[in-house]
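Please look at the sequence and the three-dimensional structure before reading on, and turn the model slowly so that its parts can be told apart.

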Amino acid sequence: MDRIGLVKQARCNLINLIHPDAVISETARLGRNVLMFPTTRIESHVKVGSFCQFMYYNVIAHHSVIGENCLFMPGTTGTAGSVVLGNNIVVGTDTHIVSTRTSNTTVGDN
């Protein structure tokens, strides 16, 4: 069983570690064991799954959905609104994921 499965099975009460310089909208929802470095910004109506890590200079725009166990390397500042990311995603440095006006952009698991 993977580490996330073990933690879920143990029913641990995990905490989020969020740097005081990170900005999180009041309408955003975070899972458990989320790590946010300084200069991370989570905008309105974003859902973030458990076990996600956000390095420096990340912006997750409005109405996006982030699965579990996702890693955002530094500089993913172009993640535009209405983006859906699956589980176990690594978003590389300076990556921009954008959606169109007519449809969401979806990235599957793994």
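The paragraphs below move from the overall outline to the strands and sheets, and then to single residues in the interior.

What you see is a predicted model, and a good place to begin is with its general dimensions. Along its principal axes the C-alpha trace of the protein spans about 40 × 30 × 25 Å. A compact globule of 110 residues would have a radius of gyration near 13 Å, and because the protein has 13 Å, the value agrees with that expectation. The accessible surface comes to about 6,300 Å², of which 54% belongs to carbon and sulfur atoms, while buried residues make up 35% of the 110 residues.

If you now follow the chain from its beginning, you will meet one helix and 13 strands, and the order in which they come along the sequence is α-β-β-β-β-β-β-β-β-β-β-β-β-β. Among the contacts between residues at least 6 apart in sequence, 4% join residues at least 24 apart.

How are these strands arranged? In general, the strands of a sheet pair through backbone hydrogen bonds, in either a parallel or an antiparallel way. In this protein, one open sheet consists of five strands in the order β1-β4-β7-β10-β12, and their pairing is parallel. Strands β1 (17-18) and β12 (90-91) stand at the edges of this sheet, and because each has a single partner strand, one side of each is left without a neighbour in the sheet. Further in, strand β4 (residues 35-36) and strand β7 (residues 53-54) pair in the parallel sense over two bridges, and the bridge partner of M36 is F54 in β7.

Another open sheet of five strands has the order β3-β6-β9-β11-β13, and here too the pairing is parallel. Its edges are formed by β3 (29-30) and β13 (105-107), each of which has a single partner strand, so that one side of each is without a neighbour in the sheet. Strand β11 (residues 83-85) pairs with β13 in the parallel sense over three bridges, and within this pair V83 stands opposite T105 in β13.

The loops between strands deserve a look as well, and S50, which lies in the loop between β6 (47-48) and β7, can serve as an example. With a relative accessibility of 8%, S50 counts as buried, and if residues up to four places away in sequence are not counted, S50 touches G31, R32, E68 and N69.

From here we can turn to the interior. The largest nonpolar core has 18 residues, and of these I42, V48, F54, I60, I66, F72 and L85 touch the most other members. F54, already met as the bridge partner of M36, is in contact with V34, L35, M36, F37, T40, I42, V48, I60 and F72, leaving aside its neighbours within four places in sequence.

Finally, which residue has the cysteine sulfur nearest to that of C52, and how far away is it? The nearest cysteine sulfur is that of C70, at 4.5 Å, and because a disulfide requires a pair of cysteine sulfur atoms within 2.5 Å, C52 is in no disulfide. The count for the protein accordingly comes to zero disulfides, and C70, whose nearest cysteine sulfur is that of C52, is in none either. Both cysteines are buried, C52 at 0% relative accessibility and C70 with a relative accessible area of 2%.

Notes. Residues numbered from 1 in each chain as written. Predicted model: local features only at pLDDT ≥ 70, side-chain atom pairs only at ≥ 80, totals over all residues. Heavy atoms only, no water. Core = buried A, V, L, I, M, F, W, Y, C linked by side-chain atoms within 4.5 Å. Buried < 20%, exposed > 50% of the residue type's maximum accessible area, 1.4 Å probe, protein only. Contact = heavy atoms within 4.5 Å. Helix = DSSP H or I, 4+ residues; strand = E, 2+ residues; numbered from the N terminus. Rg over C-alpha atoms; globule rule 2.2 N^0.38 Å. Areas by Shrake-Rupley, 256 points an atom, 1.4 Å probe, with all protein chains shown as cover. Pairing = 2+ DSSP bridges.
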